[in-house]
Amino acid sequence: MASSSSTDRYAANIQGWNIQQVNTPPQYLGRKTLPIKRADAEPLTREDLQYDLLYYIFADQTEAFVDYLAPARPVVNFCDLYVNALYNSPKCSKVLKDKMVETPAFAIEFAKIALLTNVGRINTTMAFFPEMKTALRSYHPVPSLQKTDGNLQDAPRIKNCLKAALLPFEFKTPPPSSPAEIIDKARAGQIPPTSVVNLIFVLSNSNHAMTVAQKHFDPPVEFLDLFLPINLSSLSRARVFLWLMFHYLQGPDKPNPFDDEYSRLHPGRVPRMIPLSREEQAQENVDPPDEIEWGKRMSALRSKFLRELVDEMEQEKRRKKNPPLPPPVAPSTSYTAQEMAVIRQARAQRMEDPRSRGSSQSHEGRSHGYTSYESSSRPLPQLEPFRADLSGEDPNQERTMLQQAWHVINSTDPLEDSDKEEDEHVRLDYNRRLRVLARLRGKEPTPEPEPQPGSSSQAGQSTGRLQHVQSWR
């Protein structure tokens, strides 16, 4: 009891405030309630994010961290170190990398939301695009971190990107999993001892919360309290965070550029954090009117999207319950071979000379045709007689192959048998086709059988045909 009382007096003397003066909201007193809790479509305000804290962390220009992933391993500020760690993560997609290079402001916005995911303030049930359909996540506009047109992804993708953000040698051997391991590696000369992302995971782990708090903080403050809406100034909390990053990444024995007078006099203790009154705390993390308006507009867009999605699902349920009747089957216009034969015969009979229609041969054919067709269930179709179009054509002029094809289309009935004797134009067309085929084959047409003794006329005819093809070639 006495020990506790002396500790309280010591904290009050060195930090300048009492334990009772640190007002942690009741919903954040338990570690399980660390993530931000908001209903679907409700915007995340600057107070939720502790925007001023994030601003001071990423706006600090102190070049104090060795970037192991950059060429020549330069010394950079925290913003460049953290953004580069995300960019080099194997789980960072090419689209996201291109957007980070194209728009540096988006890269910083993405890094800020990733840092909140890194410490556990953003849990894996959140998404940041309004067209999300799954019921496993909730949409939240983030007006202060969506100034650019980039996609902040959703929390699970960000978490995967963070989990893979390791140093090259940490893919072969497991990275350090406790603050003591990290300090030992740093003192052994391995700088940096781990990636900045893994360091934040380790410090945020509830298994190490008490150890880190006892070593660096004065009660009742812990590491995760830095990211909660408590009555400590954002600037001083940002300085403490950067002090811890340097202490573990660069080694505890080096001069820390984020020291203040108190931390220099008390090695291992974080710089002093400045308490705020209620009025002073209310002046931090204030949402400007344009961000409030944008958040309302995005919430309305989300509500509209959900209504349309519900209506679509209801219509789909009704369609499954009462499926529409199938459309009526159109009557088939295809005919069997027997029916086509009857149709050809009927057309041929109509086109015959009227004097021959009374003959016994014609009458028998017609009777036989109709008798065969009566077995079918469909009536005999009424087909118009074919009329050839031979207008503007000289029958004595020799036609090209194209002209002959056009002539056949316009003058030949496709339903009529083609066994009748053709004219000279058709024989010429066949002869030209034979020449084309011979040209394509690269050899003469198949020769006639060997002539029998005494059949000289056939040999002469065969030789004549070959010579005709050779002359064309």
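How many Å should the 16 residues of α11 span at 1.5 Å a residue, and how far apart are its end C-alpha atoms? In this predicted model, the expected span of α11 is 22 Å, and its end C-alpha atoms are 22 Å apart, so the two values agree. The helix is mostly covered, since 14 of its 16 residues count as buried. The chain that holds this helix has 473 residues, of which 40% are buried, and its secondary structure consists of 19 helices and four strands. Among contacts between residues at least 6 apart in sequence, 69% join residues that are at least 24 apart.

The nonpolar interior of the model was examined next. In soluble globular proteins, nonpolar side chains tend to be buried together. Here the largest nonpolar core has 74 residues, and those with the most contacts inside it are F78, Y82, V196, F217, F223 and F241. Helices that each supply at least two residues of this core include α3 (51–59), α5 (94–102), α6 (104–119) and α7 (155–163), together with α4, α8 (179–187), α9 (196–204) and α11 (234–249). The largest share, 10 residues, comes from α11. One of the residues with the most contacts inside the core, F241, touches I57, F78, L115, I200, F223, L226 and F227 when residues up to four places away in sequence are not counted.

Two further residues of α11 were considered individually. F246 is found in this helix, and because its relative accessibility is 6%, under the 20% that marks a buried residue, F246 counts as buried. Leaving aside neighbours within four places in sequence, F246 is in contact with A64 and F65, and also with G251, K254, P255, N256, P257 and F258. Its partner F65 is 181 residues away in sequence, yet the C-alpha atoms of F246 and F65 are 6.9 Å apart in space. H247 also has its place in helix α11, and at 7% relative accessibility H247 is likewise counted as buried. With residues up to four places away in sequence set aside, H247 touches I183, H216, P252 and N256. N256 is thus in contact with F246 and with H247. Just after the helix, G251, which is among the contacts of F246, takes a positive phi of about 110 degrees.

Empty space within the model was then searched for. Rolling a probe the size of a water molecule over the atoms shows where empty space is left. Across the whole structure, three cavities of 30 Å³ or more are found, and about 100 Å³ of space lies in the largest of them. Of the 14 residues that line this largest cavity, the closest to its centre are V66, L81, L167, S195 and V196. The elements that give two or more residues to the lining are the strand β1 (65–66) and the helix α4 (78–87). By residue type, the lining divides into 10 nonpolar residues, three polar residues and one charged residue. V196 therefore appears in two descriptions, being among the residues closest to the centre of the largest cavity and among those with the most contacts inside the largest nonpolar core.

Backbone geometry was considered last. Most residues other than glycine have a negative phi, and most peptide bonds are trans. Against that background, a cis peptide bond joins I191 and P192, with omega at about -5 degrees, and P192 lies in the loop between α8 and α9. The peptide bond from P219 to P220 is also cis, with omega near 5 degrees, and P220 has its place in the loop between α10 (209–216) and α11. A positive phi, near 75 degrees, is taken by A41, a residue other than glycine. A41 is placed in the loop between α1 (2–15) and α2 (46–49), and its relative accessible area of 9% is under the 20% limit, so A41 is buried. N285, which is not a glycine, has a positive phi of about 55 degrees and belongs to the loop between α13 (278–282) and α14 (289–321). Because the relative accessibility of N285 is 9%, this residue too counts as buried.

Technical notes. Residues numbered from 1 in each chain as written. Predicted model: local features only at pLDDT ≥ 70, side-chain atom pairs only at ≥ 80, totals over all residues. Heavy atoms only, no water. 1 Å grid on protein atoms, 1.4 Å probe; cavity = no way out; pocket = protein on both sides within 12 Å on 5 of 7 lines; lining within 4 Å. Points joined across faces, edges and corners; volume = space filled by probe spheres on them. Nonpolar A, V, L, I, M, F, W, Y, C, P; charged D, E, K, R; others polar. Core = buried A, V, L, I, M, F, W, Y, C linked by side-chain atoms within 4.5 Å. Buried < 20%, exposed > 50% of the residue type's maximum accessible area, 1.4 Å probe, protein only. Contact = heavy atoms within 4.5 Å. Expected span 1.5 Å × (residues − 1).
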